[in-house]
Amino acid sequence: MYQTVFPSTDLSPNKDAVSRANVPSKTPIQMLHEYGAKHGKIPAYVLEKAKGEAHQPSFVFSLTVGDVCCKGEGPSKKAAKHMAAEDALRILQVDTAAVSLPVKSESNCVAAESNSHPNSVGTLQELALQRGWPLPEYTMLMETGPPHRREFTMTCAMESLSETAAASSKKAAKKAAAEKMVAKLQSLSGSSEITWTPKPRVHFENLKNSSSEKISFLRKNPLSIPNMDYIQLMASLSKEQNFDIAYLDIDELTTNGQYQCLVELSTSPVTVCHGMGISRSNAHNDAAHSALQYIKIMVSTK
């Protein structure tokens, strides 16, 4: 009996070749990070500027690695960091043979990623930088619940607007408040593209020099009239003087079971007053009363 023996032909690809093919090339950011870790000089990136229209933004990052300082500009944060890292690698004379440069379509990918997984905290920061607004302010209002089930309430204030949210961690509460702020800005803009612009802040010096009807009424009349609708009076004054009002309800009741709120006026400096009452509307009325008292003092002071 004859046995035919065929030569061994392993058609499977070389494992080492496959392994090398599957190893992605390193980006400038990754290479610079490895260089920094090796030499004890971790790169530090700082967003310096965000400009351009919403559909065509441009970001500028500064980068520091030891004594080397560079800047990079690109259509996305990642692209700007790449440019800064490339510049630093050239200055440091690091071998960039393995570097994979960012492709031109990267900005589209980043936009798609941010649409799929929006970072509202970052969105608000970029919006403020683009528009020249003050950065969003996050304030911890309260921390409640037992140690194993804490709840944090955070407020996000941006220009004349404010939103509050609660979550099981400070980070989650901050993110939730930022998400609500983005949703409010989109609602005020009438679309997903934020086009809303705030009213200019009203300086107290202008209020002090004003002789208009509501300011004059405030100067001449005591704010101790029973059953007075201070919310309406505040609304009339804000319309006359062109500033915004925002009421922020506080979920936690006072020790004697009353509702609480804050009222914020888009004056310069910003006015924030507290109010309490047996109902939310009573709390709003009390906060408006406190804010009117404050304005009365400020415009009456020589």
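## Salt bridges and a buried serine

Lysine 184 has a relative accessible area of 25%, which makes it partly exposed. The model is predicted. The side chain of lysine 184 takes part in a salt bridge with glutamate 163, where the closest N and O atoms are 2.9 Å apart. Glutamate 163 belongs to strand S6 (residues 161-167) and lysine 184 to helix H6 (residues 170-189); with their positions 21 residues apart, the pair links distant parts of the chain. Glutamate 163 is buried, at 13% relative accessibility. A value under 20% is what places glutamate 163 in that class, whereas lysine 184, at 25%, falls between the limits of 20% and 50%.

The count of salt bridges comes to 7. Three pairs, including the one just described, are listed here.

| Acidic residue | Basic residue | N to O distance |
|---|---|---|
| glutamate 126 | lysine 77 | 2.8 Å |
| glutamate 143 | arginine 150 | 3.2 Å |
| glutamate 163 | lysine 184 | 2.9 Å |

In the pair of glutamate 126 and lysine 77, the side chains meet at 2.8 Å, N to O. Glutamate 126 sits in helix H5 (residues 120-131) and lysine 77 in helix H3 (residues 77-92), so this salt bridge ties together parts that are 49 residues apart in sequence. Glutamate 126 is buried, with 19% relative accessibility. Lysine 77 is partly exposed, its relative accessible area being 28%. The limit that separates buried from partly exposed is 20%, and glutamate 126 at 19% lies under it.

The salt bridge of glutamate 143 and arginine 150 has its closest N and O atoms 3.2 Å apart. Glutamate 143 is partly exposed at 40% relative accessibility. Arginine 150 is likewise partly exposed, with a relative accessible area of 27%.

Salt bridges also join residues into a network, whose members are Glu86, Asp87 and Arg90.

Turning to the loop before helix H3, serine 76 is placed between strand S3 (68-74) and H3. Serine 76 has a relative accessible area of 2% and is therefore buried. A polar atom of the serine 76 side chain lies 3.1 Å from the backbone nitrogen of alanine 79. That distance of 3.1 Å is within the 3.5 Å cut-off for a polar contact.

How values were computed
Residues are numbered from 1 along each chain as its sequence is written. This is a predicted model: local features need pLDDT of at least 70, side-chain atom pairs count only at pLDDT 80 or more; totals for chains, interfaces and linings use all residues. Side-chain values use heavy atoms; hydrogens and water are left out. A salt bridge is a side-chain nitrogen of Lys or Arg within 4 Å of a carboxyl oxygen of Asp or Glu. Helices (H or I, at least four residues) and strands (E, at least two) are DSSP runs, numbered from the N terminus. Buried means under 20% relative accessible area, exposed over 50%, partly exposed in between (1.4 Å probe, protein chains only). A polar contact is a pair of N or O atoms within 3.5 Å; within protein, one must be able to donate a hydrogen and the other to accept it, and residues adjacent in sequence count only if both atoms are side-chain atoms.
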